[in-house]
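Biologist: Please put the model on the screen. I will ask about it piece by piece.

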Amino acid sequence: MIVPVVDLSECVLCEICTDVCPEVFRMNDAGFVEIIELPEYPKDDVNEIIKSCLGDCISWEDD
Ligand code: SF4
């Protein structure tokens, strides 16, 4: 399965991902973006976020 990952060193905390796709992305208590664990990820939605991400820091990774 492929899962989305965020390179936090490049994340600018614009919150586009958490606003547009809250079923996948959330802000954790430490103030960083994290990926919610899901059995399967909505590929089209995540691909849209990848294009919109201001830090260009979201990608797919083999789990
Ligand atoms: S869209 Fe990208 S830069 Fe913006 S908060 Fe999400 S991961 Fe970080």
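**Contacts, fold and ligand shell**

Modeller: This is a predicted model. In the protein chain, among contacts with a separation of 6 or more, 64% are between residues 24 or more positions apart.

Biologist: In what order do the elements of the protein chain run from the N terminus on?

Modeller: The protein chain has two helices and four strands. Read from the N terminus on, the order is β-α-β-β-α-β.

Biologist: What radius of gyration does the protein chain have, set against the globule rule for 63 residues?

Modeller: Along the principal axes, the C-alpha atoms fill a box of roughly 25 × 25 × 20 Å. The globule rule gives 11 Å for 63 residues, and the chain is close to that, so it is as compact as a globular protein of that length. The radius of gyration is 11 Å.

Biologist: Is Cys-17 buried or exposed?

Modeller: Cys-17 sits in helix α1. A residue needs 20 or more other C-beta atoms within 10 Å to count as buried. Cys-17 has 27 such neighbours inside 10 Å, so Cys-17 is buried.

Biologist: Which residues does Cys-17 contact, leaving aside its neighbours within four places in sequence?

Modeller: A contact here requires C-beta atoms within 7 Å. Beyond the four-place window, the partners of Cys-17 are Phe-25, Val-33, Ile-49, Cys-53 and Ile-58.

Biologist: Which residues make up the largest nonpolar core?

Modeller: Nonpolar side chains tend to be buried together in soluble globular proteins. In this chain, buried residues make up 14% of the 63 residues. The largest nonpolar core has eight residues in all: Cys-17, Val-24, Phe-25, Val-33, Val-46, Ile-49, Cys-53 and Ile-58.

Biologist: Val-24 is in that core. Which residues does Val-24 touch, not counting those up to four places away in sequence?

Modeller: Val-46, also a member of the core, is one of the residues that Val-24 touches. The full list for Val-24 is Pro-4, Ile-35, Ile-36, Leu-38, Tyr-41, Pro-42 and Val-46.

Biologist: Pro-42 is on that list. How many other C-beta atoms lie within 10 Å of Pro-42?

Modeller: Pro-42 lies in the loop between β3 (33-35) and α2. Its C-alpha atom is 12 Å from that of Pro-22, which is 20 residues apart from Pro-42 along the chain. Pro-42 is partly exposed because its count of other C-beta atoms within 10 Å is 14.

Biologist: Which residues are the closest to the ligand?

Modeller: The ligand is surrounded by 14 residues. By class, this shell has twelve nonpolar, one polar and one charged residues. The closest are Cys-11, Cys-14, Cys-17, Cys-53 and Gly-55.

Biologist: How far apart are the C-alpha atoms of Cys-14 and Met-1?

Modeller: Cys-14 is in the loop between β1 and α1. With 13 other C-beta atoms within 10 Å, Cys-14 is partly exposed. Cys-14 and Met-1 are 13 residues apart along the chain, and their C-alpha atoms are separated by 27 Å.

Biologist: What positive phi does Leu-13 have?

Modeller: Leu-13 is in the loop between β1 (2-6) and α1 (16-20). Leu-13 is partly exposed, with 13 other C-beta atoms within 10 Å. Although Leu-13 is not a glycine, its phi is positive, at about 55°.

Biologist: And what positive phi does Asp-56 have?

Modeller: Asp-56 belongs to the loop between α2 (43-52) and β4 (58-62). Asp-56 has 13 other C-beta atoms within 10 Å and is partly exposed. Asp-56 is not a glycine either, and its positive phi is about 50°.

Biologist: Last, what separates the C-alpha atoms of Asp-62 and Pro-4 in space?

Modeller: Asp-62 lies in strand β4. With 6 other C-beta atoms within 10 Å, Asp-62 is exposed. Asp-62 and Pro-4 are 58 residues apart along the chain, and their C-alpha atoms are separated by 8.8 Å.

Note on methods: Residues are numbered from 1 along each chain as its sequence is written. This is a predicted model: local features need pLDDT of at least 70, side-chain atom pairs count only at pLDDT 80 or more; totals for chains, interfaces and linings use all residues. A residue is near a molecule or strand if its C-beta atom, placed from the backbone, lies within 6 Å of it. Ala, Val, Leu, Ile, Met, Phe, Trp, Tyr, Cys and Pro count as nonpolar, Asp, Glu, Lys and Arg as charged, and the others, Gly among them, as polar. A residue is buried if 20 or more other C-beta atoms lie within 10 Å of its own, exposed if 12 or fewer, and partly exposed in between; C-beta atoms are placed from the backbone. The radius of gyration is taken over C-alpha atoms; the globule rule is 2.2 Å times the number of residues to the power 0.38. Two residues are in contact if their C-beta atoms, placed from the backbone, lie within 7 Å. A nonpolar core is a set of buried Ala, Val, Leu, Ile, Met, Phe, Trp, Tyr and Cys residues joined through C-beta atoms within 7 Å.
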